[in-house]
Amino acid sequence: MNARIDTLHSELPDLDWITDPVKVGRLSQDFSWFSPILKRQLLGKRGEIAVRPRTEEELGRLASACARHGVPLTPRGSGTGNYGQCTPLHGGVVLDMSGYNQFLWARPGVGRAQAGIRLGDFDTAARTSGWELRCIPSTFRTASLGGLFSGGFGGAGSINYGPIGAAGNILGVRAMSVEAEPQVVELRGPEALLMHHLWGTNGIVLEVEMGLAPAHPWLEMIVVFDEMDPALNFGNALAHAPGIVKKNIAVLADPVPGLMGPLAEHLPKGCHAALLLVAEFSEAAALQLVATHGGRITYRRTADEVAAQHHTLIEYCWNHTTLNALKLDKGLTYLQTTFTPGQHLDQVRTIRSLFGDEVLMHVEFLRSMDGFTTCTSLPLVRFSTEERLNEIIAIFRANGIRVNNPHTYIIEEGKVGGDLPQNVIDLKKRLDPKGLLNPGKMRAWGLPG
């Protein structure tokens, strides 16, 4: 450790420090290895020490000491992100928020918790009052609330409520600055979203207040089809059916179902599959749509059966589709794309015709930011070279399909449009004036001085 880290450690001896190099290295990583490009670029990047604060007072003393000694501070939730969000580029301290994890309260339609709480624990606590999180990623068992807010997009529930950044899903954030005398602020509504998906670069997230949805018993089903078009049309019809209460609709085109190893007995060779969560009381209406589109049910579990087996189809959807596929084929990587409402089915068909088995389609139906039903996709890509991957991204965009590039650790480069709004940068100046939070990830700020 260098002198600044030694000083920090000795100044705050009562904090829960992690100094073991193996553990610090592990806390410096996430799932960026999904990308062969990030895997290469981030090789060897790590913090010098990690710390696990348990109270706001400890967080305040840590932020103050880092500001006074000029030590970089990289926040970490549970490390389930995919872009190297929690990988320090310039050493310093890994701020492990997992010890700051209390559920605070739930009221009708609203819940609040500390940033380090696991989403599954938040959801369980909220359900005691008849509510649940509106949207949970496939990593909900381990992902943290602060990590979802700082680096997540959507998940199961987005078919009803859109991405987590849609108006009304994130209601408020309590945040701390990194200064000699840290300030604690409450940001509400649109102002709170100035910290969303910024990877902890413009303030330490302490608490998040989320919109909640009525809790339902969710029935899980797999419906298989011999052709992709009926599977896609079925998913779209279910997504548009206003009277059927649902939580997730994923459609996996052949050969993706064959890469979902633990579900093999329910996925006949060569099939196209829809993985569904619908409210138990909506089962009859959902079955009518299955019959109309010629599907066959190969898997059905009630909410009680899902709870008893501690296993859910959500963990084969969203980016868990990628994780399960990579277990069987390490030559794959992925993209993050969103299709245009009203054109989404044709765009999916176009991509399949253009790329064949080079791009394997996996779509998730959701509401767009402005409320239209469409689908997003985490297509699997057979990786050859970085140049070819960029060509594929360009072809997607040329066909009117939005691509957020998951193969970069620079915030602006991952987004279409490039530049961050000035009010985001202004909040960075306010809450991280020395640029010590997760330095090197925000192009508009540059490297720490």
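**Exercise 1. Describe how strand S19 is paired with strand S18 and with strand S16, and decide whether S19 is buried or exposed.**

Step 1. In this predicted model, strand S18 (residues 362–367) pairs with S19 in the antiparallel sense, and five bridges hold the pairing. As one example of a facing pair, Leu366 has Thr374 as its bridge partner in S19.

Step 2. S18 and S19 form a hairpin with five residues between the strands, and in this hairpin Gly371 takes a positive phi near 95 degrees.

Step 3. S19 also pairs with strand S16 (residues 336–338), again in the antiparallel sense, over two bridges. Here Thr337 has Ser377 of S19 as its bridge partner.

Step 4. For the question of burial, the cut-off to apply is that a residue counts as buried under 20% relative accessible area. Strand S19 (residues 373–377) is mostly covered, since five of its five residues are buried. The cover reaches both faces, with Thr373, Cys375 and Ser377 buried on one side and Thr374 and Thr376 buried on the other.

**Exercise 2. Place these strands in the open sheet of eight strands, and find which strands stand at its edges.**

Step 1. Write down the order of the open sheet, which is S14-S11-S13-S12-S18-S19-S16-S21, and note that the pairing is antiparallel.

Step 2. Look at the two ends of that order: strand S14 (296–301) and strand S21 (402–404) are the edge strands, and each has a single partner strand, so one side of each is left without a neighbour in the sheet.

Step 3. Consider how neighbouring strands of this sheet are turned against each other: with direction ignored, the average is 20 degrees.

Step 4. Take one pair from within the order. Strand S12 (residues 246–252) and strand S13 (residues 272–279) run antiparallel and are joined by six bridges, and Asn248 stands opposite Leu277 in S13.

**Exercise 3. Describe the surroundings of Leu275, and state which residues it touches.**

Step 1. Locate the residue: Leu275 lies in strand S13.

Step 2. Judge its exposure: Leu275 has a relative accessible area of 1% and is therefore buried.

Step 3. Compare sequence with space, for Leu275 and Ile222 are 53 residues apart in sequence, while their C-alpha atoms are 4.8 Å apart in space.

Step 4. List the contacts, leaving out residues up to four places away in sequence: Leu275 touches Met221, Ile222, Asn248, Ile249, Ala250, Leu252, Leu263, Leu313, Tyr316 and Cys317.

**Exercise 4. Work out the order of the open sheet of three strands, and explain why helix H11 is described as largely enclosed.**

Step 1. The order of the open sheet is S15-S20-S17, and its pairing is antiparallel. Strand S15 (332–334) and strand S17 (359–360) stand at the edges with a single partner strand each, so one side of each has no neighbour in the sheet.

Step 2. S15 pairs with strand S20 (residues 380–382) over three bridges in the antiparallel sense, and Tyr334 stands opposite Leu380 in S20.

Step 3. Helix H11 (residues 319–328) packs on this sheet, where it touches S15 and S20, and its direction makes about 170 degrees with that of S15.

Step 4. Because eight of the ten residues of H11 are buried, the helix is largely enclosed by the rest of the structure. The buried residues are Asn319, His320, Thr321, Thr322, Leu323, Asn324, Ala325 and Leu326, and they pack against S12, S15, S18 and S20.

**Exercise 5. Determine how helix H8 is oriented against helix H12, and how H1 is oriented against H4.**

Step 1. Helix H8 (residues 228–240) and helix H12 (residues 344–355) pack at an angle of about 155 degrees, and their axes are 11 Å apart. Since angles over 145 degrees count as roughly antiparallel, H8 and H12 are therefore roughly antiparallel to each other.

Step 2. The crossing of H8 past H12 is right-handed. On the side of H8 the contact is made by Met228, Asp229, Leu232, Asn233, Asn236 and His240, and on the side of H12 by His344, Leu345, Val348, Arg349 and Arg352. Sorted by class, this contact has four nonpolar, four polar and three charged residues.

Step 3. Helix H1 (residues 3–11) and helix H4 (residues 56–69) pack at an angle of about 150 degrees, with axes 10 Å apart, which makes H1 roughly antiparallel to H4.

Step 4. The crossing of H1 and H4 is also right-handed. In this contact Arg4, Thr7, Leu8 and Glu11 of H1 meet Ala65, Cys66, Arg68 and His69 of H4, and by class there are three nonpolar, two polar and three charged residues.

Technical notes. Residues are numbered from 1 along each chain as its sequence is written. This is a predicted model: local features need pLDDT of at least 70, side-chain atom pairs count only at pLDDT 80 or more; totals for chains, interfaces and linings use all residues. Side-chain values use heavy atoms; hydrogens and water are left out. Axes are lines fitted to C-alpha atoms, for helices over the stretch in contact, and angles run from 0 to 180 degrees between N-to-C directions. Helices (H or I, at least four residues) and strands (E, at least two) are DSSP runs, numbered from the N terminus. Angles under 35 degrees count as roughly parallel, over 145 as roughly antiparallel, 65 to 115 as roughly perpendicular and the rest as oblique. A crossing is left-handed if the near helix is turned anticlockwise from the far one by less than a right angle, and right-handed if clockwise. Contact means heavy atoms within 4.5 Å. Ala, Val, Leu, Ile, Met, Phe, Trp, Tyr, Cys and Pro count as nonpolar, Asp, Glu, Lys and Arg as charged, and the others, Gly among them, as polar. Two strands pair if DSSP finds at least two bridges between them. Buried means under 20% relative accessible area, exposed over 50%, partly exposed in between (1.4 Å probe, protein chains only).
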